[in-house]
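User: Please take a close look at the sheet of one protein chain, and then set it in the context of the surfaces that face the DNA and of the relation between the two copies.

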2 protein chains.
Amino acid sequence: MWRLDPTSDEPLYAQLVAQVRLGVAHGTLRPGERLPSARELAASLELNMHTVLRAYQVLRDEGTLELRRGRGAVVAVGAPDLTDVERAVAELAAAARRAGLSVQTTTTLVTEAMHR
Amino acid sequence: MWRLDPTSDEPLYAQLVAQVRLGVAHGTLRPGERLPSARELAASLELNMHTVLRAYQVLRDEGTLELRRGRGAVVAVGAPDLTDVERAVAELAAAARRAGLSVQTTTTLVTEAMHR
DNA sequence: GGATTGTTCTAGTAGTCGTAGAACAAGTAG
DNA sequence: CTACTTGTTCTACGACTACTAGAACAATCC
């Protein structure tokens, strides 16, 4: 876990957010599991504490994490069942690849479909 | 077409890019069709020409548009068949909604699946 | 009580977004 | 050929975001 690409156009905090979301969605991170503290993770990734905290706060605001002083960041309860979702994702990825669509166009289509 | 939201956190040029991509993907914009010139579109949307041109250049770099001086922006050839893709998108949107996933988490899963 | 950890504050640098004006080059249309 | 259109390139500016940095504070854990 925690593979960051500093040259990406995606902000570092957003990369952290995405990886935690994927971990929770895939079951790699289970409800109740404790993540490294902001200072700890920042030190090991050679980032600033505020960068990590910003990611944690985004995840807290969307209900993925619970943050408490002294204890750190804990994965919230209520992990959804993703078997249907993962099958649908695989089918979509295959269809989009056959059609020659870019990743961006595909995600744009998904975003459009979910906003209705 | 051309519905922009200036209050969105998504940049204006990115909104233009997404709309052209969707139009081409859905067949609303057909290969060979001519888009408004950058100055023209900027005037009608009350934007700066550079903002529109930035969107056009992104679309040119990914092969969606062809830009030529004096003629303007033309949709490139090679529009894919999207029947399979659209069915897969609809199924994924439904599954993600049932699982309670956010739009962002869902698109993150799609991006991850297509990068393999 | 002492250590840990999130919270909040100020502050600085770098880069992006959007706007703005201008001049230029290549193509179109007459 | 001429006039017009259109994309290309350049500099410049204000506003905002991303990231880093240091410090002090408050709630929690052991």
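Analyst: In this predicted model, chain B holds an open sheet of three antiparallel strands, arranged in the order β1-β3-β2. The edge positions belong to β1 (34-35) and β2 (65-68) of chain B; each has a single partner strand, so one side of each is left without a neighbour in the sheet. Strands of a sheet pair through backbone hydrogen bonds, in either a parallel or an antiparallel manner. Between β1(B) and β3(B) the pairing is antiparallel and runs over two bridges. One bridge links Arg34(B) to its partner in β3(B), Val74(B). A helix also packs on the sheet: α3(B) touches β2 and β3 of chain B, and its direction makes about 120 degrees with that of β2(B).

Two of these elements return at the DNA. The surface near DNA strand D receives two or more residues from each of α2 (38-45), α3 (49-61) and β3 (72-75) of chain B, and likewise from α1 (12-26) and α3 (49-61) of chain A. The largest share, three residues, comes from α2(B). Around DNA strand D there are 22 residues, of which Pro11(A), Leu12(A), His50(A), Thr51(A) and Gly70(A) come nearest. By class, this surface divides into eight nonpolar, eight polar and six charged residues.

The surface near DNA strand C draws on both chains as well. There, α2 (38-45), α3 and β3 (72-75) of chain A, together with α1 (12-26) and α3 of chain B, each supply at least two residues. The element that gives the most is α2(A), with three residues. DNA strand C is surrounded by 22 residues, and the closest are Ala38(A), Pro11(B), Leu12(B), His50(B) and Gly70(B). The classes here are eight nonpolar, eight polar and six charged residues.

The relation between the protein copies completes the picture. A turn of 179 degrees, with a shift of 0.0 Å along the axis, lays chain B on chain A with an RMSD of 0.2 Å. This is the relation of a two-fold axis. The same surface serves both copies, since 100% of the contact residues of chain B recur in chain A. Within chain B, the residue that comes closest to the rotation axis is Thr107(B), with its C-alpha at 2.7 Å.

Notes: Residues are numbered from 1 along each chain as its sequence is written. Chains are lettered from A and ligands numbered from 1 in the order in which they are written. This is a predicted model: local features need pLDDT of at least 70, side-chain atom pairs count only at pLDDT 80 or more; totals for chains, interfaces and linings use all residues. Copies are superposed by least squares on the C-alpha atoms of residues with pLDDT of at least 70 in both. Two residues are in contact if their C-beta atoms, placed from the backbone, lie within 7 Å. A residue is near a molecule or strand if its C-beta atom, placed from the backbone, lies within 6 Å of it. Helices (H or I, at least four residues) and strands (E, at least two) are DSSP runs, numbered from the N terminus. Ala, Val, Leu, Ile, Met, Phe, Trp, Tyr, Cys and Pro count as nonpolar, Asp, Glu, Lys and Arg as charged, and the others, Gly among them, as polar. Two strands pair if DSSP finds at least two bridges between them. Axes are lines fitted to C-alpha atoms, for helices over the stretch in contact, and angles run from 0 to 180 degrees between N-to-C directions.
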